Amino acid sequence: MSYYLKQGQTWVLSNERILELIVPGLHVQIPNTYDWNYTTVPQVMVNNRSIEYRRGFVLGGSSSVNTMVYTRGSRDDYDLWGRVSGDPKTWSWEALQKWILKSEKWTAPVGGRDPTGQYDPRYHGTDGPIRVSLTWSGPDDFDRRASRNTEIQKEFIEKLDSNDGEPAGLCAYYTVFLLDENLKEASLKAWTQWTFGGGERNSAATGYLGSRARGRPNLSIILNVHVKKVLPSTQDGKRRLDIRTVEIGSKSSNVTLRVTARKEVILSAGAFGTPHILLNSGIGEESHLDSVGVKMVHRLPDVGRGMSDHVCAMVTYTLNATTPSIDEEAALRQWQANRTGPLAEWREAGRRILWSKFPKSSPLLRQYGDPASGPHAPHIEIPFNAAGPTMAAFAVLLTPHSRGTVKLASSNPFDDPLIDPGYLSHPFDIQALTEGIRITKRWFDSPAWDGLITGFLGPDPDNATWSETAFQNALKESVGTFLHPVGTAAMSASSSAAGVVDHELKVKGVHGLRVVDASAIPYVPTAHTQAAVYVLAERAADIIKSSWK
Ligand SMILES: Cc1cc2nc3c(=O)[nH]c(=O)nc-3n(C[C@H](O)[C@H](O)[C@H](O)COP(=O)(O)OP(=O)(O)OC[C@H]3O[C@@H](n4cnc5c(N)ncnc54)[C@H](O)[C@@H]3O)c2cc1C
């Protein structure tokens, strides 16, 4: 949880000393005790499947358990915030530059490799709280083949730094590959960037709540409690709705505590937690609140609506390779000795990422309109996970038309919310995923992969023996989430009846309540979402500071 009280407390950071939350390579072993373990409601357009939905249940939230990929997305995504909020002077790629850099501390990779030529320093901050770095290990056979592939297939171009705001310059690029085999590590360009540094995971907890912050007399952290709701405080003489009281409790005890902020309350409970708290507080749409027996305090119909997320479809290849196994104990000893080795980095999917933009002439865009935020925003991301004897590639739809909801299941604040991402509810999305699979097929349809890739297991949209229905059915069976929900308490112009918070992230029509987390982001960025949340939060901190001067 993440809110601040006034008095000092004894400090125990819950994610301190938990090896799985510190060692990047142990990410896959993070116990589900650090997860909310949500499941979506059955997804009608995905063969009625309910999909597991992970969210961090620990200080630092999902940043303490995530995959650590650091991608900012397209400059157009941030310009869209400006258009939607009616405040482009605050929310645009150019206007946010200071805060984009402010959140980041570029850190050399562990092991002493010189990263010159593997990223572009012009686009990186050096003094921020979140360490961003490159992997410890160098290129492998897969990287070399990918490099060769970009020389063979001109559709796929190379970009040095994916975080320059223009990830989809021409058509597609491969973020990790070797340009010249003979130069080995020295020539591995355009590496994927990660939120680890010094061989350890960085998160909102380690970055923002480290010893300096903990030394502050005006900051307290209370762990293992649940925010049940926010409540109207006593009227201050004016006829306005003043919500500065938080009710907290714990599932395991009946004790409830109310705390009233002198200035304001900031909700940062994430794309599910924040609308859940607002709805439990009676802030939302009347008929929904009525249906679960919560009394409406303030009518704000878009609370919990407009969820925007990255849906993906998985395709599989067979490989003529085996997964190189590591000696886990030796790797841990190496990590403990000097923070290097296979555990100092991410070991599974996503080390290699391809980003792709549909051409303007695409019939799909003509039929449904282009949901991308602008000319630099890619439509599809394809991370690969070569873990022989098979390889999974995920076609991730970065620009979905479908939107979902977060609703209350009951009036009990401890009950999980009903999460309905609405996957594939718009016809564009399944067709765009199909195109994503075709891009993946083109990428691997090249002599660069000879001797490694031995077969395609599909689902294959071009398999003549399959009907379209049979293919779509198989695609739907493979659909999952990339865990990037936003938009459930979305920012919009103060004059607009839509949305939940205004350009200063204040809950509309309410005094004393702000939202600073992924729920305020109006459309899912064309990137993994943590960088955008850090940028939003850094900007919000200065907005809040100046509003109380
Ligand atoms: C498994 C996983 C992998 C991911 N991989 C990546 C990646 O590689 N790169 C990337 O950029 N992004 C990734 N993401 C997404 C990224 O981590 C999130 O976008 C980001 O952390 C969202 O930040 P947030 O502050 O909005 O919410 P969160 O980080 O989810 O934080 C919300 C916090 O509020 C707390 N909370 C919620 N409700 C309550 C309540 N009622 N009372 C008290 N506390 C409450 C939660 O416990 C949590 O601590 C991943 C996410 C997950 C789950």
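**Buried positions, nonpolar cores and salt bridges**

In this predicted model, V69 has a relative accessible area of 4% and is therefore buried, since a residue counts as buried when that area is under 20%. V69 is found in the loop between β2 and α2, and, when residues up to four places away in sequence are not counted, V69 touches T192, Q193, W194, I353, H528 and Q530. M68 has its place in the loop between β2 (52–53) and α2 as well, and with a relative accessibility of 1% M68 also counts as buried. The contacts of M68, again not counting residues up to four places away in sequence, are P24, H27, Q193, W194, T195, F196, R201, W346 and Q530. Q193, W194 and Q530 are thus among the residues touched by M68 and among those touched by V69.

Both M68 and V69 appear in the UniProt record, an unreviewed entry, which lists V58, N66, T67, M68, V69 and V227 under "binding site". These positions are spread over 170 residues of sequence, and they are spread in space too, with up to 29.1 Å between C-alpha atoms.

Attention turns next to the nonpolar cores. In soluble globular proteins, nonpolar side chains tend to be buried together. The largest nonpolar core in this model has 46 residues, of which W81, V230, L505 and L513 touch the most other members. Two or more residues are given to this core by each of the elements α2, β11 (226–232), β12 (243–250), β14 (265–267), α7 (270–280), α8 (286–292), β26 (513–515) and α13 (530–547), and the largest share, 6 residues, comes from α13. The surroundings of V230 can be given in detail: leaving aside neighbours within four places in sequence, V230 is in contact with I243, T245, V246, V265, L267, I277, S281, I283 and L513. A second core, separate from the largest one, holds 44 residues, including L365, I380, F428 and A432.

Charged side chains were examined in turn, and the structure was found to hold 20 salt bridges. One of them joins R75 and E166, whose closest N and O atoms are 3.7 Å apart. R75 lies in helix α2 (residues 75–85), whereas E166 lies in the loop between β5 (156–157) and β6 (172–174), so this pair ties together parts that are 91 residues apart in sequence. With a relative accessibility of 28%, E166 counts as partly exposed.

A further group of salt bridges involves D462. R438 forms a salt bridge with D462, with the closest N and O atoms 2.9 Å apart; this pair links distant parts of the chain, as R438 belongs to helix α11 (residues 427–444) and D462 to the loop between β24 (453–458) and α12 (468–478), 24 residues apart. D462 also forms a salt bridge with K441, and here the closest N and O atoms are 2.7 Å apart. Because D462 lies in the loop between β24 and α12 while K441 lies in helix α11, this second pair ties together parts that are 21 residues apart in sequence. As for accessibility, R438 is partly exposed, with a relative accessible area of 26%, and D462, at 42% relative accessibility, counts as partly exposed too. These residues belong to a network of salt bridges in which E435, R438, K441, D460 and D462 are linked.

Methods. Residues numbered from 1 in each chain as written. Predicted model: local features only at pLDDT ≥ 70, side-chain atom pairs only at ≥ 80, totals over all residues. Heavy atoms only, no water. Salt bridge = Lys/Arg side-chain N within 4 Å of Asp/Glu carboxyl O. Helix = DSSP H or I, 4+ residues; strand = E, 2+ residues; numbered from the N terminus. Buried < 20%, exposed > 50% of the residue type's maximum accessible area, 1.4 Å probe, protein only. UniProt positions renumbered as here; feature names shortened; annotations may be inferred. Contact = heavy atoms within 4.5 Å. Core = buried A, V, L, I, M, F, W, Y, C linked by side-chain atoms within 4.5 Å.
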